[in-house]
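Visitor: I've got the model loaded and I'd like to know how a few of its labels were earned. Can you take me through them?

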Amino acid sequence: MINSESSVEGRLRHLMPSLSVYTEGRRYQECLELYNHALKKQSLVCARPRTEDEVSHLVQFCTKEKIPFAVRSGGHDFFGRSVVHEGILIDMRDMDTVSIEADRASARVGGGVIAGHLQETLNFHGLFTPTGQAKSVGYVSWACGGGYGFYVGTYGFGVDQILGARVVLAGGRVVDTNEDPELLWALRGAGAGTFGIVTELRVKVYAVPKLYAGFLAFPLAEAAAVMDRIEKLLEDNFPDEFSGDAIAVTPEMAPIPVAEPCFVLFWCWTSVSEDLAPAISFLEQTMQVGRVLVTSYTSRLRLG
C-alpha cells in the first residue's frame, strides 16, 4: 500500500500525465476549503480531473492501491465527507461544463458544476433550472440528494429535474443511465457518491421566470407567534409560487442590517406568467403576522 504523499503524487503523475495534482500551495488549500471551517482534514493529494476517463482511472488507482478517497465539488457537506484525511481528494470542479440541448428543454451539466455558475450560464441563454439558496453549493450533490430550494412549488425539487446521468462505478466502469434505468432510479434522491461518481447530469431547463424575493425581519422574541400566524396563513392559502425559509440570527449574522436579534424570513415568489400582483398581495398578508423590523425586496426577470 502507498502511504506517503510523494509516492502517491509520483504514481498519479506517471499514470496520468495530464491530471492536475496538488500536494501543497494555493491550489491544494483551495481543495481543502470547506463550508464547515471547524474541520481540519488534510488529504495526501488533491487531484482535479477534467475528463471522465481521468475520473475512471483515479477510482481504479485508489481501489488497486487501497487508498481512501473522497469526492468534492462545493464542499458544503457539514460533516466533511467531501474531504478525506490521509487519502486522495478527487475535486470535480474542473468538470464544470454546461451544454444546452438543441430543443432548449434540457442541458448536460458536468459533475463539478457549482450552482451559481449553472444559473449564470443558463441565464445567459434565457434559461433556468432550480437550484438551492446558496450559489456556492455543488449542483450534482444538491440535485441527487433531493434538491430543496426556493423554486420547488413551481418546478419541483432538484431531483425532479434529473433526466439521466453518466456515472463512474466503484471498479472504474462508466455507465450511462440510458442503458441502466435502475441506476437512474437509485440516483434520484440517494445523494451523490452513494452508487458512484456522477460525471454528468442531464436535467430539465425552462424559460427564465419572474422572481419577487427578499427578506422580512421580525423581533426574535416574537418568533413563535410569527410562525404560528404564518402557519395559519398558509393553511388558508398556500400558493404554489411561494417558497421560503427562516433563520434566527444576531445582528452580525443577519443578511440585512438590523439592530437587534431577529427572526428572518426568506421569501420568494416564482412566477412563470410574469404577473407579480398575486405576489405583492401575498407579501402584504405575510407582513401582517408580526412587527416588521426590516424588509428587503426586489423583482427580477433575469437571474444573472
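Visitor: What makes the link of Cys-31 and Cys-46 left-handed?

Guide: The angle about the S-S bond is -60°, and with that value the link is left-handed. Bear in mind that this is a predicted model.

Visitor: How do you know that Cys-31 and Cys-46 are joined by a disulfide?

Guide: Their sulfurs sit 2.0 Å apart, and the cut-off is within 2.5 Å, so the pair counts as a disulfide. A search of the whole structure finds one disulfide. Cys-31 lies in helix H2 and Cys-46 in strand E2, so the bond ties together parts 15 residues apart in sequence.

Visitor: Why is Cys-62 left out of any disulfide?

Guide: For Cys-62, the nearest cysteine sulfur is that of Cys-46, 12 Å away. A disulfide needs the sulfurs within 2.5 Å, so Cys-62 doesn't qualify.

Visitor: And why is Cys-62 called buried?

Guide: Its relative accessible area is 2%, and buried means under 20%, so Cys-62 gets the label. Cys-144 has 0% relative accessibility, so it counts as buried too.

Visitor: What makes Leu-122 stand out in the largest nonpolar core?

Guide: Leu-122 is one of the residues that touch the most other members of that 26-residue core. Leaving aside neighbours within four places in sequence, Leu-122 is in contact with Val-98, Ile-100, Ala-107, Leu-127, Phe-128, Thr-129 and Val-205. Apart from this core lies another, of 20 residues, including Val-21 and Met-95.

Technical notes:
Residues numbered from 1 in each chain as written. Predicted model: local features only at pLDDT ≥ 70, side-chain atom pairs only at ≥ 80, totals over all residues. Heavy atoms only, no water. Core = buried A, V, L, I, M, F, W, Y, C linked by side-chain atoms within 4.5 Å. Buried < 20%, exposed > 50% of the residue type's maximum accessible area, 1.4 Å probe, protein only. Contact = heavy atoms within 4.5 Å. Helix = DSSP H or I, 4+ residues; strand = E, 2+ residues; numbered from the N terminus.
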